[in-house]
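Work through the exercises below with the sequence and the model open. Try each task before reading its solution.

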Amino acid sequence: MITDVELRNNYWHLLGHRTELPEAGAFLKLNWLSDEVVVFNDHGEMLVFDNLCPHRGTRFFNEPYGKGVVSCPYHGWSFQSGKLHIPCRDKFKPEEINEARLNTLKVDWCGDFLFASIQPASGLEDQLGESYALLASISFNINGRADFNSYIYDCNWKIAIENGLDSLHTPYVHAESLGRLSLSEPVNTYHRANSVANFKITDASVEKKLRLISRMFNISDQHEGYQSIYLFPFTMLTSTFGYSYSLQNFFPSQESNKTFFYSRLLKGCLNKNYPASTMDHFFASTAQVNRQVFEEDHAICKKIAPQFYDVKSTQFLSVDEEKIIHFRKILQTLGA
Ligand code: FES
Ligand SMILES: [Fe+2]
């Protein structure tokens, strides 16, 4: 039986985009199970480590994102440019203190997307399959973050992920938000445990408005419609026309009916002929709609009775829920 700890430890997880942390000291902090993980720009090198001072376990960072230094408030241990600095080093046993280091995770890149893993069972490319090339291409069309949003979903992470894989609920749950795009049936493709759903936007006037702003962007090979990419096990990446990407992590917590939810709005690269702020309003309103969609999703997810969930069941699953069948099959293969 595969546990949430194994799914976390043995897979690669998409934790961010290079342009989200452009300057030295920029960081992100994410919770998963009982741990906190930090993504940190250490003078150009991207590090991922446990938010835990190796001396006596004090947290380095308390905010979810920002700019700072890796410096422990308790006894002054700090980390910079690849080195741990320990005040009064001569007071410690040399053979012990020389072994002290940050507890770092393995990192790898898919284009400009940063992945990290604690103890990967396979290489990143192997895990992503054909999604690797798609993600790399997307990553080169992104420049910066417009929004960071996090809270706790009151449901198990599998229920939250299945909700993300389900397009059947859109007209009911998102009538006033995502539903306005009038999405077509999805075209689903599967890459190992991952899946990609491409939708057309069938509301002609919405579609036309979206096409009109394409000149503001300098992006290539992006899906001209709505796209939802699922990266097994905990991550979704969704976009409309590639103008922005919503990166969502649904990390398990120690409590089975709570999920650490993080969403970020990543901005599409802009056409250099327009001032950088031209699309600020567009990104702000996209972020607002996305936040509304997540709140609607959260509200419905917490209404699902946890005891009803059965990873082995495919009963009453429609064609619009076939990605859920794929997800459950993968979990079953892994012995969940
Ligand atoms: S716990 Fe961090 S320096 Fe002591
Ligand atoms: Fe939804």
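## Exercise 1: The cavities

The largest cavity has a volume of about 40 Å³. The model is a predicted one.

**Task.** Find which residues line the largest cavity, and sort them by class.

**Solution.**
1. Start with the lining. Asp147, Ser246, Ser263, Arg264, Leu265, Ala287, Asn290 and Phe294 line this cavity.
2. Place them on the fold. Strand β17 (259–268) and helix α8 are the elements that give two or more residues.
3. Sort by class. The lining of the largest cavity holds 3 nonpolar, 3 polar and 2 charged residues.

**Task.** Do the sorting again for the second largest cavity.

**Solution.**
1. The volume of the second largest cavity is about 40 Å³.
2. Its lining consists of Trp12, His13, Leu14, Phe115, Gln127, Leu128, Leu231, Phe232, Pro233 and Thr235.
3. Two or more of these residues come from each of β1 (13–17) and α3 (124–128).
4. The classes are 7 nonpolar, 3 polar and no charged residues.
5. The total count is 3 cavities of 30 Å³ or more.

## Exercise 2: The iron site

**Task.** Which atoms coordinate the iron ion (ligand 2)? Describe the site and place its donors on the chain.

**Solution.**
1. List the donors. His169 (NE2) and His174 (NE2) coordinate the iron, and Asp297 appears twice through OD atoms. The distances run from 2.0 to 2.8 Å.
2. Check the angles. The 4 donor atoms make angles of 51 to 151°. Tetrahedral geometry needs all angles between 85 and 135 degrees. The site is therefore irregular.
3. Read the spacing. Along the chain, the donors follow H-x4-H-x122-D.
4. Place the pair. His174 sits in the loop between α6 (170–173) and β12 (187–191), while Asp297 is in helix α8 (residues 280–301). These two residues are 123 apart and link distant parts of the chain.
5. Check burial. His174 has a relative accessible area of 1% and is buried. Asp297 is buried too, at 9%.

## Exercise 3: Salt bridges

**Task.** For three salt bridges, give the N to O distance and decide whether each partner is buried or exposed.

**Solution.**
1. Recall the principle. Side chains of opposite charge can pair when their charged atoms come close.
2. Take Lys29 and Glu36. Their closest N and O atoms are 3.6 Å apart. Both residues are buried.
3. Take Arg101 and Glu99. Their salt bridge spans 3.7 Å, N to O. Arg101 is exposed, with a relative accessible area of 52%. Glu99 is exposed as well, at 53%.
4. Take Arg211 and Glu207. The closest N and O atoms lie 2.9 Å apart. Arg211 is partly exposed at 37%, whereas Glu207 is buried at 19%.
5. Explain the spacing of the last pair. Arg211 and Glu207 are 4 residues apart in helix α7 (residues 204–212), so about one helical turn separates them.
6. Widen the view. The whole structure has 15 salt bridges. Glu20, Arg145 and Arg264 are linked in a network. Arg264 also lines the largest cavity.

## Exercise 4: A pocket

**Task.** Which element gives the most residues to the lining of the second largest pocket?

**Solution.**
1. Size the pocket. The second largest pocket holds about 530 Å³ of space.
2. Count the lining. There are 19 residues, and Glu162, Phe308, Leu317, Glu321 and Arg328 lie nearest the centre.
3. List the contributors. The elements that give two or more residues are α5 (157–165), α8 and α9 (322–333).
4. Pick the top one. Helix α5 gives the most, with 3 residues.
5. Sort by class. This lining divides into 10 nonpolar, 4 polar and 5 charged residues.

Definitions and conventions:
Residues are numbered from 1 along each chain as its sequence is written. Chains are lettered from A and ligands numbered from 1 in the order in which they are written. This is a predicted model: local features need pLDDT of at least 70, side-chain atom pairs count only at pLDDT 80 or more; totals for chains, interfaces and linings use all residues. Side-chain values use heavy atoms; hydrogens and water are left out. Donors are N, O and S atoms within 2.8 Å of the metal (3.2 Å for Na, K and Ca); water is not among the atoms, so sites may look incomplete. Four donors count as tetrahedral if all angles lie between 85 and 135 degrees; four count as square planar and six as octahedral if opposite donors are over 155 degrees apart and all others between 65 and 115; anything else is irregular. Buried means under 20% relative accessible area, exposed over 50%, partly exposed in between (1.4 Å probe, protein chains only). On a 1 Å grid over the protein atoms alone, a cavity is a set of points where a 1.4 Å probe fits but cannot get out, and a pocket is an open set with protein on both sides within 12 Å along at least five of seven lines; lining residues have an atom within 4 Å of a point. Grid points are joined across faces, edges and corners, and a volume is the space filled by probe spheres set on the points. Ala, Val, Leu, Ile, Met, Phe, Trp, Tyr, Cys and Pro count as nonpolar, Asp, Glu, Lys and Arg as charged, and the others, Gly among them, as polar. A salt bridge is a side-chain nitrogen of Lys or Arg within 4 Å of a carboxyl oxygen of Asp or Glu.
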